[in-house]
Amino acid sequence: MPELPEVQTIAMALAGLVVERTIDDVSVRWPGIVDRPDVTTFVAMMRGRRVTAVSRRGKYLQCALDNGRWLLLHLRMTGEMRVLPAAVAFDPHEHLIFHLENGLDWRFKDTRKFGRVYLIADPAEVVGQLGPEPLDPAFSPAYLARVLAGRQAPIKSLLLDQRLVAGLGNIYADEALFRARIHPLRAGGSLEPAELAALVEAIRDVITQAIAEMGTTLRDYHRPDGSVGRFQNRLQVFRRQGEPCPRCGAILQRLVVGGRSTHFCPQDQPLSGE
DNA sequence: AAGAGACCCTGGATGC
DNA sequence: TGCATCCAGGGTCTCT
């Protein structure tokens with residue numbers, strides 16, 4: 001499941017492969033992947049465009065085009081970016097292909113078809129509602145205190161709300177709460193100042209380390225050259241229910257919060273009593 | 001307004 | 001062995 005570190009890794013690799021490349025033609029093999037504009041307009045407007053830059057905002061890939069417009073892509077659950085010779089046979093889950101002028105194909109593969117692309121005049125049309133980046137100074141304990149004030153929802157659910165902070169998904173939310181020793185069911189508004197500070201630090205740490213390890217590959221996530229990430233070897237609680245806590249040895253538990261599988265240490269992350 | 005839940009999808013895992 | 005069912009979860013939408 002690509003989250004911020006995975007999308008960051010993909011953006012950096014993609015930049016080296018498609019910046020200054022021209023899109024000669026476009027193949028849409030499953031039209032539902034194009035969110036906007038309509039598919040016919042999308043293909044007509046993308047044909048002949050040159051990519052001038054690739055960046056990331058939250059979990060979105062942002063590609064600046066030579067006509068001033070923007071191509072945004074979201075990989076959702078199983079989306080992958082691949083760049084490979086056009087002669088390579090299509091995979092049935094490659095739904096969108098940009099045929100580059102240098103003989104390579106830039107392909108959007110997405111088994112579960114949740115991913116989307118947007119061709120827009122201003123990135124804010126899609127990413128305008130996102131909260132701050134976790135590594136931006138704006139994401140501070142004071143900011144968290146302000147946006148969490150009065151919130152009764154579990155902190156785990158709130159960390160997944162992209163309007164509060166951009167880029168966290170299920171894996172890094174669980175890992176950050178573990179590192180900060182905060183129970184995932186704690187009401188967001190109940191966190192003490194010291195806990196808010198610990199949470200901000202934990203989120204920054206886990207995101208920074210995961211970027212350095214080029215993301216977490218559990219199944220679908222691959223870099224554009226097909227290689228996998230390494231952070232799966234650093235996961236301390238995610239999908240480790242039944243195993244001993246790496247810090248205290250208690251048995252890690254799993255529960256469902258907001259419909260999402262959630263992993264934590266019942267001893268290090270107490271719900272009450274401290 | 002905030003929070004809960006349905007929905008979109010498919011393939012792998014599980015159960016009988 | 002084969003078939004049916006369950007589960008995974010990012011984001012959007014609806015309902016209360």
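**Exercise 1. Helices α4 and α7**

At roughly what angle do the axes of helix α4 (residues 141-148) and helix α7 (residues 193-212) cross, and within what distance do they come? Work from the predicted model.

*Solution.*
- Step 1. Two packed helices are described by the angle between their axes and the distance between the axes.
- Step 2. The α4 and α7 axes cross at roughly 115 degrees. They come within 9 Å.
- Step 3. Add the hand: the crossing of α4 and α7 is right-handed.
- Step 4. List the residues in contact. Helix α4 brings P141, L144, A145 and L148. Helix α7 brings L196, A197, L199 and V200.
- Step 5. Sort them by class. This contact has 8 nonpolar residues, with no polar and no charged ones.

**Exercise 2. Helices α1 and α7**

Describe how α1 packs against α7, and give the classes of the residues in contact.

*Solution.*
- Step 1. The angle is about 35 degrees, and the axes lie 9 Å apart.
- Step 2. The hand of the α1 and α7 crossing is right-handed.
- Step 3. On the α1 side, L4, P5, Q8 and T9 make the contact. On the α7 side, I207, A210 and I211 do so.
- Step 4. The contact of α1 with α7 divides into 5 nonpolar and 2 polar residues, with no charged ones.

**Exercise 3. The largest pocket**

What is the volume of the largest pocket, and which residues lie nearest its centre?

*Solution.*
- Step 1. The volume is about 640 Å³.
- Step 2. The lining has 21 residues. K59, M77, G169, N170 and R260 lie nearest the centre.
- Step 3. Look for the element that gives the most. Strand β11 (residues 260-264) does, with 3 residues.
- Step 4. By class, the lining of the largest pocket holds 9 nonpolar, 7 polar and 5 charged residues.

**Exercise 4. Two residues compared by exposure**

Is N170 buried or exposed? Classify E20 too.

*Solution.*
- Step 1. Place N170. It lies in helix α6 (residues 170-180).
- Step 2. The relative accessible area of N170 is 17%. Buried means under 20%, so N170 is buried.
- Step 3. Find the contacts of N170, leaving aside neighbours within four places in sequence. They are E3, K156, L160, F238, R260 and S261.
- Step 4. Place E20. It sits in the loop between α1 (4-18) and β1 (23-28).
- Step 5. E20 has 43% relative accessibility. That value falls between the 20% and 50% limits, so E20 counts as partly exposed.
- Step 6. With neighbours within four places in sequence again left aside, E20 contacts R50, V51 and T52.
- Step 7. Take V51 from that set. E20 and V51 are 31 residues apart in sequence, yet their C-alpha atoms are 5.4 Å apart in space.

**Exercise 5. The second largest pocket and the cavity**

Which residues line the second largest pocket, and which line the largest cavity?

*Solution.*
- Step 1. The second largest pocket holds about 170 Å³ of space.
- Step 2. Its lining residues are M1, M77, T78, T111, R112, L218, R219, D220 and R239.
- Step 3. By class, these are 3 nonpolar, 2 polar and 4 charged.
- Step 4. Turn to cavities. The count is 1 cavity of 30 Å³ or more.
- Step 5. The largest cavity holds about 40 Å³ of space. M1, I171, T216, L218, R219 and D220 line it.
- Step 6. The cavity lining divides into 3 nonpolar, 1 polar and 2 charged residues.
- Step 7. Compare the two lists. M1, L218, R219 and D220 appear in both the pocket lining and the cavity lining.

Conventions. Residues are numbered from 1 along each chain as its sequence is written. Chains are lettered from A and ligands numbered from 1 in the order in which they are written. This is a predicted model: local features need pLDDT of at least 70, side-chain atom pairs count only at pLDDT 80 or more; totals for chains, interfaces and linings use all residues. Side-chain values use heavy atoms; hydrogens and water are left out. On a 1 Å grid over the protein atoms alone, a cavity is a set of points where a 1.4 Å probe fits but cannot get out, and a pocket is an open set with protein on both sides within 12 Å along at least five of seven lines; lining residues have an atom within 4 Å of a point. Grid points are joined across faces, edges and corners, and a volume is the space filled by probe spheres set on the points. Ala, Val, Leu, Ile, Met, Phe, Trp, Tyr, Cys and Pro count as nonpolar, Asp, Glu, Lys and Arg as charged, and the others, Gly among them, as polar. Axes are lines fitted to C-alpha atoms, for helices over the stretch in contact, and angles run from 0 to 180 degrees between N-to-C directions. Helices (H or I, at least four residues) and strands (E, at least two) are DSSP runs, numbered from the N terminus. A crossing is left-handed if the near helix is turned anticlockwise from the far one by less than a right angle, and right-handed if clockwise. Contact means heavy atoms within 4.5 Å. Buried means under 20% relative accessible area, exposed over 50%, partly exposed in between (1.4 Å probe, protein chains only).
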